[in-house]
Each structure stands twice: as C-alpha cells, then as structure tokens.
Amino acid sequence: MAILNILRYPDARLHKVAKPVTEFGTERLTTLVADMAETMYDAPGVGLAASQVDVHEQLIIIDTSESHDDLRVFINPQIVWASAEKQVYDEGCLSVPGVYDGVERPAQVKVRAFDAAGAQFELEADGLLAVCIQHEMDHLLGKVFVDYLSPLKRNRIKAKMLKESRGLEREAALRAAGRRY
Ligand code: NI
C-alpha cells in the first residue's frame, strides 16, 4: 500500500470530470482502493474521491466511523433519490486543508453504486454520511465544495491556498538544498 499525493485546490486537475469504471475485481482496482484508504486514514479524513489523487474514474471511499473500520466503496455512484428537505453542514476537504464552510444539500439521499467486486448495491443515507456521499460525488464531476461559496470567499480561499503552496515549495527547496551540504 502507498500514501498517494492529494491534489490541492486550486489545482486545475480537481475540475476534471471522472469516467466510469469499466473493469471490476482487478488487481489495479483493489490496489487503488487500498491506497486511497491508506491516504484517507493517514490525512486523516472521512472521505476521498479518486479525482483528488489524480485518478479520474468514478470511485469514492468513505468512512465516517469513529473507529475507522467501516470503509465504504462506491464505484460509478448515482443519486437515485434526494429528499426535498435540506440541511446545512460545515464541510471541509482534504484538497482544501484548513477551510470549513457551510454548504446546503438534501438531508437524505439514496445512492446506487457498485462495490470493488462489481456487485451493485443501494444505500439510503442521512446525516454526515449523506453529506459525504454528495461531497465526494461532486469531486467526480470536477466540483469542489468551495464552488458553492460566494466568489469573494472563493477568491480569498484561492489566495490563501496559493500562498501556502508557495510556502510548502520554499520549504521543500530549502530542505533539498540543505541536504547538499
Ligand atoms: Ni473533498
């Protein structure tokens, strides 16, 4: 298993639209799911979309349990029903570290998806799980939660992220330079 690099907003690759998975039960898919799970738990986060690790296929993983032992895999997920009732949750994202803001979404959803072996299932979700499913499925459409915020807020977040990225790059350069002496 390996920890994968998570793309950081505003990386343009986060806006790519993911393609359906066509081959199930393959070693490649098993490895991808295992690596994504390790990456999510290490971060730590409660959900991760393949888009965030630069794999543009319709695959998301979620674990909202306290004990980190309830991994759910959704491949080619589709929302087949959403409640009229909405809820606002403070969302965060591993691609936008340190930023949290309220997003309004349907309070309950029914999702249809395939597991890694290719078996289809349906799941009705509410609460945090419903939020996560919708948040991660947005990633597959190339959408990040900050896209729901006002342009003013989004630009502020973009500037903050770019500043932090420059800081991280500088640090890495200094560390690399340091090793040469
Ligand atoms: Ni996210």
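Colleague: Before we turn to its backbone, where is the place of Pro10 relative to helix H1 (27-42)?

Modeller: Pro10 sits in the segment before helix H1, which covers 27-42, and please keep in mind that this is a predicted model.

Colleague: How should I read the peptide bond that joins Tyr9 and Pro10, as cis or trans?

Modeller: The general idea is that most peptide bonds are trans, and most residues other than glycine have a negative phi. In this model the bond between Tyr9 and Pro10 is cis, with omega at about 5 degrees.

Colleague: Which residue does a cis peptide bond join to Pro44, and what is omega there?

Modeller: Ala43 is the partner, and the cis bond between Ala43 and Pro44 has an omega of about -10 degrees. As for its place in the fold, Pro44 belongs to the loop between H1 and strand S1 (47-49).

Colleague: Turning to phi, what is the sign for Asp54, positive or negative?

Modeller: Phi of Asp54 is positive, near 65 degrees, although the residue is not glycine. Asp54 lies in the loop that runs between S1 and strand S2 (59-62), and because its relative accessible area is 33%, Asp54 is classed as partly exposed, a label given to values from 20% to 50%.

Colleague: Where is His68 found, and what is its phi?

Modeller: His68 is located in the loop between S2 and strand S3 (72-82), and its phi, near 55 degrees, is a positive value in a residue other than glycine. With a relative accessibility of 40%, His68 therefore counts as partly exposed.

Terms used. Residues are numbered from 1 along each chain as its sequence is written. This is a predicted model: local features need pLDDT of at least 70, side-chain atom pairs count only at pLDDT 80 or more; totals for chains, interfaces and linings use all residues. Side-chain values use heavy atoms; hydrogens and water are left out. Helices (H or I, at least four residues) and strands (E, at least two) are DSSP runs, numbered from the N terminus. Buried means under 20% relative accessible area, exposed over 50%, partly exposed in between (1.4 Å probe, protein chains only).
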